[in-house]
Amino acid sequence: MDGPDGYNILFGKGGGTFQPPSTVLVASTFSGAGVQVADFNHDGVADLVATSAHFHHSTNPEGGSSLITNLSIFVGNGDGTFQTEQVLATANSSKSNVFAPTVGDAISPAGIGDFDGDGNLDLLYLRTKYLGISFTASGNMMLGKGDGTFSQPSTVNISFSPSAVADLNRDNLYDLLSFQGASVAVSLNTSPIVYTLTVTFTGDGNGNVSSSPVGISCESSGETCSIGQILPGTAYTLAASPGGNSTFVGWSGACTGSDSNGCSVTLNSNKNVTAGFSLLPDFSVSPAATSLTMRRGGQASDVLTFPAQGGFSGNIALGCAVTTGPAPMPTCRISPASIKPGDTATLTINAPALAAAVTPPLPFGTLSRLYASLLPLGLMGCVLATAFDSKRRSLCTLCLLLLVATFLLAACGGGSSQTSPSPQNYTVTVTANSVALQHSTTISVTVN
């Protein structure tokens with residue numbers, strides 16, 4: 001039964017009594033305006049098709065008003081609860097005041113039946129468009145896909161709201177009835193019986209499926225695509241193309257086999273075909289870190305893992321090399337050098353030690369020996385010169401002092417200086433090989 005927030009369901013206890021009502025909620029601010037029960041996804045569980053409305057009227061008695069109507073489906077879970085509301089169609093009409101004409105559109109409750117003969121329940125409702133003081137009405141058909149979803153609405157030639165549906169002439173197509181006062185209007189369904197071809201995917205691979213005649217085009221694993229309105233006896237040929245890292249496994253369902261271009265199916269009822277794709281046997285190289293920093297003379301390590309796909313289980317041979325960077329280069333090694341998928345290996349990198357550079361600012365080693373040999377000679381010369389001339393004694397003393405000062409300056413500057421090296425960047429390439437499969441990854445290394 002309708003409620004202010006949706007629909008109240010009273011579950012029977014089996015003895016003519018009922019449990020307290022539970023509410024199936026519609027959109028916020030909407031109220032229930034009619035509900036129908038049917039099984040749209042062939043799971044034996046009742047689903048709901050509901051109409052709900054939101055009406056707003058101005059506080060001014062002669063002011064404007066608006067009406068929004070939703071047509072929705074609630075798929076049953078089988079335990080008395082329902083999935084979240086799926087709005088299938090909506091309409092919005094309004095009046096600027098009580099005397100003004102209605103503008104916008106409105107939709108009627110839906111008629112439920114198999115209108116195209118494919119075994120799936122469809123929805124048919126009337127949409128009325130208001131154009132000032134005039135209006136137009138047309139039918140809107142939403143074909144059921146058999147899984148609780150529907151196609152986009154298409155226009156059908158009816159001019160009244162379906163009050164009931166039934167197969168009145170036993171042609172397996174539902175017809176329409178409209179109760180109009182004391183009379184009943186009937187519209188016979190003249191559509192031909194048609195069928196639907198549906199393609200789904202299985203497996204962990206990817207690929208696409210196309211058809212001839214054109215109509216089926218599924219692009220990736222996990223997708224489902226279908227084509228409806230197929231006349232009885234129509235034959236389709238399906239072709240499967242695996243993705244770059246996948247392989248085609250085979251067909252199942254309405255047609256079987258392993259030929260990717262050999263699936264043919266003739267539509268004498270609704271048909272479902274499944275295409276299987278699997279990942280090719282392969283593996284990848286995954287380092288725990290893609291960049292490392294270390295000191296000169298130090299050591300760094302990285303853990304390597306090798307995820308597998310497609311059931312790969314071969315031996316993987318490992319190697320490493322320092323491929324870029326200035327000399328002297330670090331060295332690397334991997335342990336163990338051969339592993340299986342799921343195992344781990346350790347990459348170890350050793351940086352060369354820093355070589356000390358001693359650079360005397362002055363060539364003290366040579367000059368000091370020269371000064372040491374000249375100093376006695378100069379001293380002896382001064383002694384001989386001062387013995388004969390007092391003026392030469394003063395000049396000699398001055399020269400001797402300059403020679404001693406120069407010697408001491410050279411001795412004091414005879415130390416060494418060492419500058420800090422700038423960081424050096426290297427690239428370590430890890431390679432992994434297993435028969436024809438080869439993969440590699442790079443790790444950046446900075447040595448400070």
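# A tour from patch to core

Start with Val 186, which sits in strand β14 (residues 183-187). This is a predicted model. Val 186 is partly exposed, because its relative accessibility is 49% and the partly exposed class runs between 20% and 50%. Now add Leu 168, Phe 179, Val 184 and Leu 188 to the selection. Together with Val 186 they make a nonpolar surface patch with about 470 Å² of accessible area.

**The whole chain**

Zoom out and colour by secondary structure. The protein chain has two helices and 33 strands. It holds 448 residues, and 33% of them are buried. Switch on the surface: the accessible area is about 24,200 Å², with 56% of it on carbon and sulfur atoms. Of the contacts between residues at least 6 apart in sequence, 53% link residues at least 24 apart.

**Two positive phi values**

Select Arg 170. This residue lies in the loop between β12 (164-166) and β13 (175-180). Its phi is positive, about 60°, although Arg 170 is not a glycine. Arg 170 counts as exposed, because its relative accessibility of 79% is over the 50% cut-off.

Go next to His 42, in the loop between β3 (31-38) and β4 (47-57). Here too phi is positive in a residue other than glycine, near 60°. His 42 is partly exposed, at 48% relative accessibility.

**Ser 211**

Move to strand β16 (residues 207-212), where you will find Ser 211. Is Ser 211 buried or exposed? Its relative accessibility is 10%, so Ser 211 counts as buried, the limit being under 20%. Show its polar contacts. A polar atom of the Ser 211 side chain lies 2.7 Å from the backbone oxygen of Pro 213. The side chain also reaches the backbone nitrogen of Ile 216, at 2.8 Å. Beyond four places in sequence, Ser 211 touches Ile 216, Tyr 236, Thr 237 and Leu 238.

**The largest core**

Select Phe 306, Ile 316, Leu 318 and Leu 347. These have the most contacts inside the largest nonpolar core, which has 24 residues. Which elements give two or more residues to this core? They are β25 (291-294), β26 (299-305), β28 (316-324), β31 (344-350), β32 (424-434) and β33 (437-447). β32 contributes the most, with four residues. Apart from this core lies another, of 22 residues, including Tyr 195, Cys 225, Leu 238 and Ala 240. In soluble globular proteins, nonpolar side chains tend to be buried together.

Centre on Leu 347 and show what surrounds it. Past four places in sequence, its contacts include Ala 300, Leu 304, Cys 320, Cys 332, Ile 334, Val 428, Val 430 and Ile 443. Ser 301, Asp 302 and Arg 333 are also among the residues that Leu 347 touches.

**Thr 431 on β32**

Step to Thr 431, in strand β32. Thr 431 is partly exposed, with a relative accessible area of 31%. Leaving out residues up to four places away, Thr 431 touches Ala 317, Leu 318, Gly 319, His 439 and Ser 440. Draw a C-alpha to C-alpha distance from Thr 431 to Ile 316: 9.7 Å in space, against 115 residues in sequence.

**Two cis prolines**

Finish in the loops. Pro 328 lies between β28 and β29 (331-335). The peptide bond from Ala 327 to Pro 328 is cis, with omega near -5°. Then select Pro 336, in the loop between β29 and β30 (338-339). The bond from Ser 335 to Pro 336 is cis, with omega near -5°.

Conventions. Residues numbered from 1 in each chain as written. Predicted model: local features only at pLDDT ≥ 70, side-chain atom pairs only at ≥ 80, totals over all residues. Heavy atoms only, no water. Core = buried A, V, L, I, M, F, W, Y, C linked by side-chain atoms within 4.5 Å. Buried < 20%, exposed > 50% of the residue type's maximum accessible area, 1.4 Å probe, protein only. Contact = heavy atoms within 4.5 Å. Polar contact = N/O pair within 3.5 Å; in protein donor to acceptor, adjacent residues only side chain to side chain. Areas by Shrake-Rupley, 256 points an atom, 1.4 Å probe, with all protein chains shown as cover. Patch = residues over 30% accessible without salt bridge, like charges linked within 9 Å, V, L, I, M, F, W, Y side chains within 5 Å. Salt bridge = Lys/Arg side-chain N within 4 Å of Asp/Glu carboxyl O.
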